[in-house]
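Q: Pick one part of this model and take a close look at it for me. I'd like to know how it sits among its surroundings, and which charged pairs are worth a glance along the way.

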Amino acid sequence: MITRIARKEFTEMVRDGRFRVAAALVMALLVAALAAGWKHHVDSTAQRLTAERITRAQWLNQGARNPHSAAHYGVWAFRPQSPLASIDPGIEKYVGTAVWLEAHRQNEFRYKPASDATAAARFGELTAAVVLQLLLPLVIVLLSFGAFAAERDNGTLRQLLSLGVSRSDLALGKALGVASALAVLLVPATALGIAALALSAGTSGWGDGPLRLWLMGLGYLLYFGAFVGLSIAVSARARSAQLALVVLVGFWIVNGLVAPRAVADLARGAFPGPSSFAFTQAVREDITRGADGHNSSDKRLDDLKAAVLKKYGVKRVEDLPVNFDALSLQAGEDYGNTVYDKHYTRLWDTYRNQNAVHQWGAAVAPLLAVRSLSMGLAGSDFEQHRHFATAAENHRRLINRIANEEMLKTEYNNWNDEVPAETWAKFPEFRYGPPGVDWVLGQYLPSIGLMLAWCVLATAAAYWATGRLRPS
Amino acid sequence: MFLTVVRHEWRQMSAGKILWPVAVLFALLVGYGVWNGLHWVHFQQQTLEAVAQEETGRIAKMRAGVVEAWATGAITDPSEPDPRSAGFLGTRAARNATLPPGSLAALAIGQSDLYPYYFRVTMANKVSFTNNDELENPTNQMAGHFDLAFVVVYLYPLFILALSYNLLSAERDEGTLAMLMSQPLALGTLVLAKIAARGAVVVALAAGFSLLAVLLSDAGLSEAQVWLRLALWITLLVAYGGFWFALAIAVGALGKSSATNALALVGLWLVMALVIPALVNVAVTAADPMPSRLELIAAARQATLEADKESKARLGQYHKDHPELVPKGSGYNVADSYVKYVLSLDTEEKRLAPILDRFDEQLARQQASVAQLRFLSPALLAAEALNDLAGTGVERFRHFGRQVDGHHRAWRGYFLPRLFAKANLSAAELDRAPRYTFFEEDTAAVAARTFPVLAGLVLPTLLLGAFGLVGLRRFPLIA
């Protein structure tokens, strides 16, 4: 019985001109978005690999040089893009693509793609994630607002119920009808996505890519399930098809348009972040005056000098067997690191709290749950940016430590003293390994919980509403 | 007759169940948008105040250092910077070039959360001080701001469509349309009067809140330019709203059911507000792709290495010519290092100029394409124009950029000759260093950019309206 109802629904939908237009449009957009995302991924990966190769060669071939001067020249870390970011680029346009790892300073990432784009780019972006999160729910609404309401308007519902069909069969059949129409749309696009991913699996460090993709697909299925359940429930309860449509479109607007932005401003208000100016000032203050305000950089230097002289049992720094500049530089790095740790942890925790507001906003709008989860699995969320930034910063510290060890071999107070050209090969290349799926899922427990809750509650609502179906 | 219908509609709407909830909801959303805009303007103002305060304190300290150094005599250790030297003052006593939020900034946040709004302009090259983005959670930036412009561009059309998708179809479904038409009343007059009643409510809300936002943001209401901008803003609101009303008339005139009208209108809204802008974006970036920033980094690294070697050679030559200046003991000489710093950055910039220019050229090309293609989507058209009026669009940032360049040239013109002469400045000379003052963009230029947008909204409105009114002749009065 259920299959028969589903087949009838499906046939009716596929014959409907509105569905054909909508389906063709969404399918075309989805395929175009996947293709564009894929091309961007291939191009940006090639660019990154080239840049890594060139800058490494430059580093190795800088010739005889003072190690501290080389540390100021520094190295660059380029953020790799996960293949799944071609489906959901997440925040990628709003974080810099590269960071300069130099002496003394933890830099911000540079070159946000959004700054290199027109204002129109911000207005409308075509990505597979937008199609899946925003457009497909509207197609679901379009397919199912009339499920019961239209039959009621036409008077066929009374007839249908008189046949003695079980109401739960009816609900399930209608839902399956919608689902199979959706499948017509989604299966080809999913196959395309998997094929593209399979092509890239060998080339990048994202070993758990397939698992991430499956979980992402599961997240979207829950999201679509919630919309199907909700649409059927509203359709069963609404007095007319028109009212069902207005209610569902209203929900779609709140879910897709109002909530994401409203939540962003709410998060900003709840956990205000510092201005770049205030942040930089605070860091500088801590470095010159000491984190507690009583341990200025001059005093720290004097203390270090006294300790080192005592250790080697000499009177003047000139008499030390090692270059005191190198010791002082490393001490400066060590101190700076604690200051940067303090401030960046505070800043990034503020953003994490703001993002938690985005996640909990899913209590109102399921889009917020699926968006967080999708970005996380695609590796294009803030947490994985932070993961990369932390790895890059650790590499900066390593580079500086090696540079200061080399510095020990140079003459005191002679900043032009050079070490030989072979030295630079001692500095390891920066290698980054993205976090595993379990780490990612751990960041998104509220989203996972709320997405499941939406799906379960929407299904329950659909059953409840069809159980209380009024024939007219 | 027209007014009679408007009055009747008004009475019916205010007694009905739809208008007030919708109006209250709209007012709440608009209010939230305005509040967010004000919040952001306030944040920028506070930051700029802190920046100005730091600048005043820093320069006063530098000036005191200059006075003291002239009083106590020369610095003997070449590894210590001379506080009077052009090298020291040209970088450390640099002033900020700032962009204060415009008078209507609270209405549209636009691109203002993406581009820096202050720079500390030193005598070194431009690249060295323009990397000054505001800190912001990228997740929030991705979501976008809930400002008045967002409400106007996306939600205001939806409110209009919600109030007008069933203008005639509802009357027909209830059977009152045939009765109405038995009166000496043209169908066109009826539709226009219904639209007028609804339009008055929606536009009054949007315009009223815009005015309120400007009043709350201490925008200097005595200035004529504020009122002119506000007038253009409200005109734009009316024209944009008019387009969506005309669209509702045109779709309604086809005589379909209320549900079909609603579906068609939501579909059209989706295509115009989301799909076309996305396609415009794809077309624009595919036609003129941006060069790679990573390639720029690699090229810049090469340039740094080469400039470094060159300046080392140059410094070596210099020391050969002036053996008396070669510092004893320490290998470090601050006066030289400032010259070296400025020169090597300049050499670098010259070498990178072709690549850097390519970024600007491609972006300019993309922007030129968007300027044409935006006429395909009223939403995109309105969004760009609203940002432009609020001073948060690309144009005002370009205007600011030109002034930053001007100040940078003046600052270098003042300090570089003194740097190369290794001159020390007196306090009076420091006081005479170029100052930066921001000049607001000419309002006439803003208005001139807004008029084509208005035409781009009014023309389709008239066409759709005409199509709708002609179509009404064949409107089926009975379901």
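A: Some vocabulary before we start: buried is under 20% relative accessible area, exposed is over 50%, and partly exposed is in between (1.4 Å probe, protein chains only). Residues count from 1 along each chain as its sequence is written, with chains lettered from A and ligands numbered from 1 in the order in which they are written. The model is predicted, so local features need pLDDT of at least 70 and side-chain atom pairs 80 or more, while totals for chains, interfaces and linings use all residues; side-chain values rest on heavy atoms, without hydrogens or water.

My pick is helix 13 of chain B, residues 378-390. Helices here are DSSP runs (H or I, at least four residues), numbered from the N terminus. From its first C-alpha to its last, this helix of 13 residues reaches 18 Å, close to the 18 Å expected at 1.5 Å a residue (1.5 Å times one less than the number of residues). Helix 13 of chain B is mostly covered, with twelve of its 13 residues buried. The buried set starts at P378(B) and takes in A379(B), L380(B), L381(B), A382(B) and A383(B). Further along come A385(B), L386(B), N387(B), D388(B), L389(B) and A390(B). Just past the end of the helix, G391(B) takes a positive phi of about 75°.

So who does the covering? Around the buried residues of helix 13 you'll find, among others, helix 5 (148-164), helix 9 (224-252) and helix 10 (258-287) of chain B. Helix 14 (394-420) and helix 16 (443-471) of chain B join in too, and chain A lends helix 4 (119-123).

Now step back to the rest of chain B. Its domain assignment (automatic or from a database) gives domain 1 as 2-35 + 147-287 + 450-474, and domain 2 as 85-135 + 291-444. The contact between them (heavy atoms within 4.5 Å) takes 33 residues from domain 1 of chain B and 31 residues from domain 2 of chain B. Together the two bury about 2800 Å², 76% of it on carbon and sulfur atoms; that is accessible area lost on being put together, summed over both. On the domain 1 side of chain B, R229(B), W233(B) and V284(B) lose the most area to domain 2, together 26% of what that side buries. The C-alpha centres of the two domains of chain B lie 45 Å apart.

On to the charged pairs. A salt bridge needs a Lys or Arg side-chain nitrogen within 4 Å of an Asp or Glu carboxyl oxygen. The count between domain 1 and domain 2 of chain B is zero, though the whole structure holds 47 over all chains.

In chain B, R351(B) pairs with E306(B), with the closest N and O atoms 2.7 Å apart. R351(B) sits in helix 12 (residues 334-373) and E306(B) in helix 11 (residues 293-321) of chain B, so this pair ties together parts 45 residues apart in sequence. R351(B) is partly exposed at 34% relative accessibility, and E306(B) is partly exposed at 33%.

In chain A, R48(A) forms a salt bridge with E52(A), closest N and O atoms 3.2 Å apart. That pair stays within helix 2 (residues 17-60) of chain A, four residues apart, about one turn. R48(A) is buried at 12%, while E52(A) is partly exposed at 22%. Also in chain A, K8(A) bridges to E9(A) at 3.2 Å, and K8(A), E9(A), E12(A), E151(A) and K174(A) are linked in a salt-bridge network.

Note on methods:
Buried area = accessible area lost by both parts, 1.4 Å probe. Helix = DSSP H or I, 4+ residues; strand = E, 2+ residues; numbered from the N terminus.
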